[in-house]
2 protein chains.
Amino acid sequence: MKSLLADDHRLPERVLMGPGPSQIHPRVLQALSLPTIGHLDPAFVRLMDDIKQALRSVMQTENTFTLPVSGPGSLAQEACIINLLEPGDKCVICINGVFGGRMKAMAERCGAQVIAVEQAWGRAVDPQALRDTLQAHPDAVLVGFVHAETSTGALSDAETLAAVAREFDCLILADTVTSLAGVPVRIDEWGLDAVYSGTQKCLSCPPGLGPVSLNERALERVRSRRTPVQSWFMDFAPLIDYWQGEKRVYHHTAPVNALYGLAESLAIVLEESMPATWQRHRQAHEALAAGLQAMGLKMAVPVAERAPQLNAVEIPDGVDDASIRSSLLDQFGLEVGAGLGPLAGRIWRIGLMGQSATLENVQFCLSSLSSALEAQGHAVDASGAQRAAAAVG
Amino acid sequence: MKSLLADDHRLPERVLMGPGPSQIHPRVLQALSLPTIGHLDPAFVRLMDDIKQALRSVMQTENTFTLPVSGPGSLAQEACIINLLEPGDKCVICINGVFGGRMKAMAERCGAQVIAVEQAWGRAVDPQALRDTLQAHPDAVLVGFVHAETSTGALSDAETLAAVAREFDCLILADTVTSLAGVPVRIDEWGLDAVYSGTQKCLSCPPGLGPVSLNERALERVRSRRTPVQSWFMDFAPLIDYWQGEKRVYHHTAPVNALYGLAESLAIVLEESMPATWQRHRQAHEALAAGLQAMGLKMAVPVAERAPQLNAVEIPDGVDDASIRSSLLDQFGLEVGAGLGPLAGRIWRIGLMGQSATLENVQFCLSSLSSALEAQGHAVDASGAQRAAAAVG
């Protein structure tokens, strides 16, 4: 049988400026294609150790239990939730978009009682609303929130939310899928007890792995459970033996080549340095926002609450969402994201994540979007947008 | 930061003849490194469709629901179990090694009542024992068994076991992680209702994906559940919308590059043709078994019950398991597997899976093992082994 990837199935060239996956560095793609070795090979065990160490640096933590689970971010999310919660436990989940809602759904499936702090989509989570809820529910054992809501691009103040949760002696679970490496995520300094992320956002690695980190307080909760974790695959206890044990005990077969890719992407992030990575994301975002504003487009999130790596833009009245995105994809090879849930058809999500966060990509996006809008009869100031973006760079 | 894969961390060259991962074809490694595109890109959606179609050919089924879940075989295993079973359901699980035991553990975690048909490790499952158990438990709703037990290399008669289960109107769940593409797996002809597998065995793809296939009977069970599937990530219902829907509905982000690799590995298997693939595994196995016998080593599984792709060899008295395996790895770059559970230290598991199933590998394994044994003072007839293997080839 002919390759599925050849000829008419040849993969198109794309510039990835959606909500992930982001552009992958050629070094990472090359790493993926290194020869597979055994997952219990001493050389691979050394690589696993190096990955854990590099992840700790990227996640700004000394947590021993810091490793990528063998599945995408949503698997890592569910794994954290079901290890930390037991049937009947009360938890407070902050919901300001799709992924807070998903956290609630996962917690409910494992039998926890969820008190939701509902917030407007496109806004950061309000720490006072969390405090009020915790005062009304002093028996809550865990607070969960999404640092950068991938569905809206709203960035919440993780440090403050964690401080509020700590006042009420709750465990703190933070979703950093979109935030990690795009903005500061300081697990230890902020006192985040359990954190999960994904690889296909600001780490610029293909999707498929979910970094997680738990501190001693969270691990103590896992160790003192009254009931077994409902899932065999997601149970953290045997993962500790597999990833950390003196003698590594087989649990499942780790995705060897995907981990080569992650190792390389972590090395690239650390080579640039965390502050420089954050600064690059910030600068690209400011250039994009200035350009979009000059085009007459409106950002959907208030300026103080924007995640630089994911830019929600309101779709102007009379503009057809799907046809603009098709045109960007087909004519320019540019992927931007659609809105989700109640924001479907109302926003575009323009990602500036990892390797995608460059001023060149910003200019390319502005010019492509201008052309697509103009082709559909919506005049915009294309050159003004380019100049405004360049002024930031 | 320097690449984690360079210099002192450089990956060693290995010949993979353990229980998986197996040798990966260069075309698959190359496919892994193709540029990542969006998981909802129309071009990627087409590739997903092609992967499903190729999987159907490899799995010998017309089942619409035939797709790789985004995690390793053990995730696919748990996903099948928790979608098909509900709390309180009685099921019968055949256990003749580690992976039957794992099936029981997973079923128990989701609240099912498990009746075990315990069999000797290293033997096939006895259909009469299954029938006796089902007669004693007419309220069982599902029978689970492992086609080729990865921990022992015993191959059970899936067709007969399925027929017995069908007599009692049970759903049939078959683990084909090690069997798929190494021996015939005929889902439709044998009436297997739900099947899961892995990519790192006879498909010769890196670990990380778990093909599953459910027929209408199994899907009807999923649709008529009284309770939600306990896991959000593993729930099959939204996976159907993501992988099959007219409009693909975002569920999680599929591991794009890993799926490139699977697409290529499936194409390679189908290019060779299923019968030729099965025959190559059979021939390599017969050569290996003849060579080992000529060396004076004893196969651990009776001849009629051996999976050709995984050869359990008894470790001779006085031979130190770990030091032989270290010597094979360090001096020859050859990975063979250790025993698991009660067979630890008692058997080696020599894999002839996928691209690893060649007569060259058989000869290399025989000569390396002969040298390693001789270096530790255990004289064997090395040239006799080579001749015996060559006579088969």
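In the predicted model, the buried residues of helix α2(A) are Phe44(A), Leu47(A), Met48(A), Ile51(A), Ala54(A), Leu55(A), Val58(A) and Met59(A). Viewed down the axis of α2(A), these buried residues fall within an arc of 130 degrees, so they line one face of the helix. Such an arrangement can be read against the general geometry of the α-helix, in which there are 3.6 residues a turn, so that residues three or four places apart point the same way. The length of α2(A), which comprises residues 42-59, was also examined: at 1.5 Å a residue its 18 residues should span 26 Å, and the C-alpha atoms at its ends are 26 Å apart, which agrees. The helix is followed by Gln60(A), whose phi is positive, near 55 degrees.

Helix α4(A), formed by residues 98-109, has 12 residues and reaches 17 Å from its first C-alpha to its last, close to the 16 Å expected at 1.5 Å a residue. Because 9 of the 12 residues of α4(A) are buried, this helix is largely enclosed by the rest of the structure. The buried positions of α4(A) include Val98(A), Phe99(A), Met103(A) and Met106(A), together with the charged residues Arg102(A), Lys104(A) and Arg109(A). Among the elements that cover the buried residues of α4(A) are helix α3 (73-84) and the strands β3 (90-95), β4 (113-118) and β8 (171-175) of chain A. Beyond the helix, α4(A) is followed by Gly111(A), for which phi is positive, near 90 degrees.

Strand β11(A), residues 310-314, has 4 of its 5 residues buried, and is therefore largely enclosed by the rest of the structure. Its pairing with strand β13(A), residues 347-351, is in the antiparallel sense and runs over 5 bridges, with Val313(A) standing opposite Trp348(A) of β13(A).

With regard to the assembly, chain B is superposed on chain A by a rotation of 180 degrees with 0.0 Å of shift along its axis, at an RMSD of 0.0 Å; that is the relation of a two-fold axis. The same surface serves both copies, in that 100% of the contact residues of chain B recur in chain A.

The contact between the chains takes 65 residues from chain B and 65 residues from chain A. On the side of chain B that touches chain A, the elements giving two or more residues are α1 (26-32), α2 (42-59), α3 (73-84), α4 (98-109) and α10 (256-272) of chain B, and α10(B) gives the most, with 9 residues. By class, this side of chain B has 35 nonpolar, 19 polar and 11 charged residues.

How values were computed: Residues numbered from 1 in each chain as written. Chains lettered and ligands numbered in written order. Predicted model: local features only at pLDDT ≥ 70, side-chain atom pairs only at ≥ 80, totals over all residues. Expected span 1.5 Å × (residues − 1). Buried ≥ 20, exposed ≤ 12 C-beta atoms within 10 Å, placed from the backbone. Arc of directions from axis to C-beta. Contact = placed C-beta atoms within 7 Å. Pairing = 2+ DSSP bridges. Least-squares fit on C-alpha atoms with pLDDT ≥ 70 in both.
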